[in-house]
Amino acid sequence: MKFAHDFLFGAATASYQIEGAWDQDGKGPTNWDEFTKIPGKTFEGTNGDVAIDHYNRYQEDIALMAEMGLESYRFSISWARILPTGTGEVNEKGIDFYNNIIDECLKYGIVPFVTLYHWDLPLPLEKKGAWLNRETGEAYLKFAQICFEAFGDRVKNFITFNETFVFCNLGYLAGAHPPGIHNDPKKYFQAIHNVFYTHAKTVIEYKKLNQHGEIGLSHVFSPAFSVDDSEENIAATEHANQFNLNWFYDPILLGKYPEYVVNQLTTEGNLPDWTEVELAVIAEAAPLNDFMGLNYYQPMRIEKIQGEVKDHVMTRENSTGSPGNPSYDGVYRSVKMADKKYTKWNWEISSEGFIDGLAMIKTLYGDIKLYITENGLGDEDPIIEGAVCDIPRIRYIEEHLSAVKTAISRGIHIKGYYAWSAIDLLSWLNGYKKQYGFIYVDHKNDLKREKKASFYWYKSVIAHRGEDI
């Protein structure tokens, strides 16, 4: 089986992780420009001031993507490059930069797939309360409208937000991302709702423009599975899915929050302070979503916590996906299982969990169009006789593309796959300890770009429509 010709083979990046040029050509500071300068927040004090200097080397990078045969490039826009303070006057040099990115893609026949928000919030808005302040959502809507007007004639795929779970969870529960707040579930759930209300308003406004494009958002996709067949662990797993899947997907695709979670939050006193008008807008927008983006790296294996949760300290390492963390309410924890495969960073490698999770999505939400907007392997890539031999990445992506093919054969509506990432980039918290890209960046040699083994492999996959997978 070959992938259909309207299935997009792509790869993805994010602005803060690649662009650098943090204060160049009128760009304003972001929450991450400040947060990464706080001692101890990142590995070896790394930050995105330079990153991989994509801002000044985008032509070289996109030419390499074209050589690889990339059909679509998912990238994000830095809000502070367009609106340096988050509101007010537009920075035309920022508009010019993204117009250049889009036009460079189109020159090679690469479909631009634009994410409007991938975590880098203009610093003045962060200082005013970030996503706890409804004014941030109002400012975002104006930012989005500017982007639609400037880019919508050529960009026909927009993602409003990337991984609300991550920037809210790590921002308000784990304290590992801006604003660095620990264990405040009330703020966590409130921020999520404010983002979803903003998403809904943005979708409605986009549809009024009749630009004949599509809009959706990208969520973390980590379906939960019980470690065994015991009733208590199965119940804990359902609880985990309600809070980590239904809570995030239901309001976007069904237009309402899951009753199970609402009831618990009401009892706890953690229900967001929402209005009937906001809930009505979320309901109105739900059928207008054109697609859902899924960022899949691993499933969760769940066990019920017995007794009270002992003090659990969140660190930079364990806040970014490794199992072992308890839920905020002490009901369950994710666990590492002896019979599963794991990366060096203890992320489970499971194409089976991917397929089973996709079936879960179809059961819950029907035939919504899906894009796999992130999937890939973080690893320490060996250099052997001058060549970057990232064979484990090839095996990982091959396994997950095979899972996508299986899912499509079972009637799941998937129209594209975006590997994370197109090029080696800055990890938000862990610097350059691990690599994700098809293209290597040599930080000891003027950021020289080199093609990895996976570059040539993915080029062949695209050319043959995945026939051999």
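Q: Ala, Val, Leu, Ile, Met, Phe, Trp, Tyr, Cys and Pro count as nonpolar, Asp, Glu, Lys and Arg as charged, and the others, Gly among them, as polar; what does that make of the lining of the largest cavity?
A: By class, this lining has 12 nonpolar, two polar and one charged residues. The model is predicted, so local features need pLDDT of at least 70 and side-chain atom pairs 80 or more, while totals for chains, interfaces and linings use all residues. Numbering starts from 1 along each chain as its sequence is written, and side-chain values use heavy atoms, without hydrogens and water.

Q: What makes a space a cavity, and how many cavities of 30 Å³ or more are there?
A: On a 1 Å grid over the protein atoms alone, a 1.4 Å probe must fit but be unable to get out; a pocket is instead an open set with protein on both sides within 12 Å along at least five of seven lines. The count by this rule is five cavities. About 110 Å³ lies in the largest cavity, volume being the space filled by probe spheres set on grid points joined across faces, edges and corners.

Q: Which residues line the largest cavity nearest its centre?
A: Of its 15 lining residues (an atom within 4 Å of a point), Asn31, Tyr117, Trp131, Phe167 and Pro178 lie nearest the centre.

Q: Why is strand 15 called mostly covered?
A: Buried means under 20% relative accessible area (1.4 Å probe, protein chains only), and seven of the seven residues in strand 15 (414-420, a DSSP E run of at least two) are buried, so the name fits.

Q: How do you know that strand 1 and strand 15 pair?
A: Pairing needs at least two DSSP bridges; five join these parallel strands, with Ala12 opposite Trp420.

Terms used:
Nonpolar A, V, L, I, M, F, W, Y, C, P; charged D, E, K, R; others polar. Buried < 20%, exposed > 50% of the residue type's maximum accessible area, 1.4 Å probe, protein only. Helix = DSSP H or I, 4+ residues; strand = E, 2+ residues; numbered from the N terminus.
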